[in-house]
Amino acid sequence: MKIKNISVISAVIITLLLSSLSFAQPPAKPFAPKKPGMHKMHNMKTMLEKLNLTDTQKTQFQKMNLTFKKHMIDLKANLQKSALDLKALQNSDNINRSDVISAVKEINSNKNAIALATANHRMDMYDLLTPAQRKIWKEFKLHKMMGEKMMKNKMKRKMRKGMRH
């Protein structure tokens, strides 16, 4: 009798655990991009189409993008190495304040280098545009920023709404 009760109780507990796990998973996103950053590539393609670039501009953009991507690989690798150095310092037996501070400064320096390289790349591209194309560029960037701002506000509203219930 005791064994039967124990087995029934354990079956109920296992069933409850398994059913709660199935509800804990987030719903699938039907229109999610297949790769991270795919929506950015789509936005860039759309903008480049609207700019109606000349063949010379297209060639220059392609060369600049290739050079920029290679440079970013190096900069991101430096950032990852700096982060690993910090982690190693924090995991050591004897943590030294000045070493940790230096490692954090190195990480920030690498992040700054990435931000500067990105800004310079965008400005180099912008410099190749005609005044009419620059107007399209600015409008596209403004719409993109407004869209991102609206999405953030929408998420904030959802978060607040979810907290009330």
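**Exercise 1. Find which residues L53 touches, leaving aside its neighbours within four places in sequence.**

Start at L53 and skip the neighbours within four places in sequence; the contacts that remain are L48, K58, F61, L129 and Q133. Keep in mind as you go that this is a predicted model.

Next, place L53 in its wider setting. L53 belongs to the largest nonpolar core, which has ten residues. Two of the contacts just listed, F61 and L129, appear in this core too. The other members are M47, L51, M64, M125, Y126, W137 and F140.

Then ask which helices build this core. At least two residues come from each of α2 (38–51), α3 (55–91), α4 (97–127) and α5 (131–164). Apart from this core there is another, with five residues, including F68, M72, L75 and A117.

**Exercise 2. Decide whether Q57 is buried or exposed, and work out what its side chain reaches.**

First locate Q57: helix α3 holds this residue. Its relative accessible area is 5%. The cut-off for buried is under 20%, so Q57 is buried.

Now follow the side chain of Q57, which comes to 2.9 Å from the backbone oxygen of L128. Finish with the contacts of Q57 beyond four places in sequence: L128, L129, T130 and Q133. Two of these, L129 and Q133, also turned up in the contacts of L53.

**Exercise 3. Classify K138 as buried or exposed, and find how far its C-alpha atom is from that of Y126.**

Begin with the helix: K138 sits in α5. Its relative accessibility is 53%, and exposed begins over 50%, so K138 counts as exposed.

For the distance, take the C-alpha atoms of K138 and Y126. The two residues are twelve apart along the chain, and these atoms are separated by 9.7 Å.

Stay with Y126 for one more step. R134 lies over the face of its ring, 4.7 Å from the ring centre. How many aromatic pairs does a search of the whole structure find? The search gives one.

**Exercise 4. Describe the chain as a whole: its elements, its buried share and its exposed area.**

Count the elements to begin with: the chain has five helices and zero strands. Reading from the N terminus, the order is α-α-α-α-α.

Turn to burial next. Of the 165 residues, 15% count as buried. The exposed area of the chain is about 14,300 Å², with 62% of it supplied by carbon and sulfur atoms.

Last, look at the contacts between residues at least 6 apart in sequence: 73% of them join residues at least 24 apart.

Methods. Residues numbered from 1 in each chain as written. Predicted model: local features only at pLDDT ≥ 70, side-chain atom pairs only at ≥ 80, totals over all residues. Heavy atoms only, no water. Core = buried A, V, L, I, M, F, W, Y, C linked by side-chain atoms within 4.5 Å. Buried < 20%, exposed > 50% of the residue type's maximum accessible area, 1.4 Å probe, protein only. Helix = DSSP H or I, 4+ residues; strand = E, 2+ residues; numbered from the N terminus. Contact = heavy atoms within 4.5 Å. Phe/Tyr/Trp six-rings, centres within 6.5 Å; stacked < 30°, edge-to-face > 60°. Lys NZ or Arg CZ within 6 Å of the ring centre and 35° of its normal. Polar contact = N/O pair within 3.5 Å; in protein donor to acceptor, adjacent residues only side chain to side chain. Areas by Shrake-Rupley, 256 points an atom, 1.4 Å probe, with all protein chains shown as cover.
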